Amino acid sequence: MWGLILYLSSLNLYNLFPTPRETYNWIFIGLISYNIGFFIIYFFKWSLFRTSAKKTDTFIRYEIRENLILVLGIISIFFLIPPAITSLQIIMKGGGTDVIRVMNQQGVGVFRLKNSSDVLNSINVLLIQPFNYLISIIGFVNFWSDKRSKKVLFITTIIVLLSVLGTGGRALLINSTFSFIISFFFKNKKLQISKKTKNIILFSLIILFTFIVLISISRSSGDFVQITYYYFAMVPYMFSYWGKIIVGITGYGMASMNGFLFPIFYILKHTLGLDFPEKFQQVYTLIQSTDSTWITMTATGSNANAYVSVFWFLLLDGGLIGIIFGMGILGGVLSHSFFNVVNNISEKSIAIYSYLLIGISYSFVRLPFGTPNYSIGFIFILFFIYKKRRLKL
């Protein structure tokens, strides 16, 4: 993916501003560090696994907590219905998803709770958004489970559809498609699927892909090919631009861990009235600025926000050293998860790997753990969503 991004960026098509060579070097070093971290951890775990593997007469099975999913899902649906109705009204009047996106950026649609009471906003930030992101992944991992839940699948489908309609975004739909495919690759050897079922699944994936393309076209205010090119090719330039903004500022890990730190400081602020620590406030403001500030990236005046990439967060945390160590750690985390799912396959291990892999696939936008919804969702998947059962062989 990053090879494609760097290649497209180097072409400088559609009047895209050139990216300094130093920025390409930073990215290249980060990619090397990621792969080194991945293989070091993988070979270490493999050697450990070979020397410590023991035969046992029991095995552990993880099952999804259906009742918890249903309760959280119903709460989320109540939050999602009003903005979905508003978006539907816009579409019926001839508006597209680009109009819906602008509406949400102004805090009118699904993110309207930013302008509401502290209680509702807290529920939205700490529960609804993380759960919606999480369920779009684990709900379709569960589809291939031996203990498939039709209720979880139904709740997941409703939440994804309402979210897409309410936000005009594609993220949850893309997450669902990826998790569906990723989990199939790990479970297909144990599945007996008829030809009819395979055809239905293939047809469904084609419909989903077509729907994603249609949403993308609807969101584009100009030429679809040009906009798509910008989505990937502009990333190194955006990283370079924001890299200059943070010269002399060091986050010491707070940017990368913002997704975990923000909920803690947010709760302290709204319960005890404590302000954000000064250093964290500085880092948090910079992160928010990448989303709210639109940067001119072409000679013809085209603007963009976000898309600073995973490398910007690490650069903010510790410069080039931050990129080297941060990408190495990310590679190690993905390697650990991949090893677990290959050698100890379970619904939970597949869900965790799918979650991490989807997160790192968005590395051209931002570092996944830099956002609260992704980080809180990860905590949920680790400790709350699955229950463990020890069974005899």
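**Warm-up: aromatic pairs**

How many aromatic pairs does a search of the whole structure find? The search finds 46 of them. Rings of Phe, Tyr and Trp (its six-membered ring) pair if their centres lie within 6.5 Å; planes under 30 degrees apart count as stacked, over 60 as edge-to-face and the rest as tilted.

Before going on, note that this is a predicted model, where local features need pLDDT of at least 70, side-chain atom pairs count only at pLDDT 80 or more, and totals for chains, interfaces and linings use all residues. Residues are numbered from 1 along each chain as its sequence is written, and side-chain values use heavy atoms, with hydrogens and water left out.

**Exercise 1. Classify the pair of Tyr-42 and Phe-339.**

Step 1: the ring centres are 5.4 Å apart, and the planes stand at 75°.
Step 2: the pair is edge-to-face.
Step 3: Tyr-42 sits in helix α2 (residues 21–52) and Phe-339 in helix α13, so placed that 297 residues separate them. Helices (H or I, at least four residues) and strands (E, at least two) are DSSP runs, numbered from the N terminus.

**Exercise 2. Work out how α13 lies against α14.**

Step 1: the axes of α13 (residues 309–343) and α14 (residues 347–361) come within 9 Å and cross at roughly 150°. Axes are lines fitted to C-alpha atoms, for helices over the stretch in contact, and angles run from 0 to 180 degrees between N-to-C directions.
Step 2: this makes α13 roughly antiparallel to α14. Angles under 35 degrees count as roughly parallel, over 145 as roughly antiparallel, 65 to 115 as roughly perpendicular and the rest as oblique.
Step 3: residues of α13 including Leu-330, Val-333 and Phe-338 meet residues of α14, among them Ile-350, Tyr-353 and Leu-357. Contact means heavy atoms within 4.5 Å.
Step 4: sorted by class, the contact of α13 with α14 has 11 nonpolar, three polar and no charged residues. Ala, Val, Leu, Ile, Met, Phe, Trp, Tyr, Cys and Pro count as nonpolar, Asp, Glu, Lys and Arg as charged, and the others, Gly among them, as polar.

**Exercise 3. Do the same for α11 and α15.**

Step 1: the axes of α11 (residues 258–272) and α15 (residues 372–383) come within 7 Å, crossing at roughly 90°.
Step 2: α11 is therefore roughly perpendicular to α15.
Step 3: Phe-260 and Pro-263 are among the α11 residues in the contact, and α15 brings residues including Ile-376 and Ile-379.
Step 4: this contact has six nonpolar, three polar and no charged residues.

**Exercise 4. Finish with α5 and α6.**

Step 1: α5 (residues 118–141) and α6 (residues 150–167) have axes that come within 9 Å and cross at roughly 135°.
Step 2: the two helices are therefore oblique to each other.
Step 3: seven nonpolar, five polar and no charged residues make up the contact of α5 with α6.
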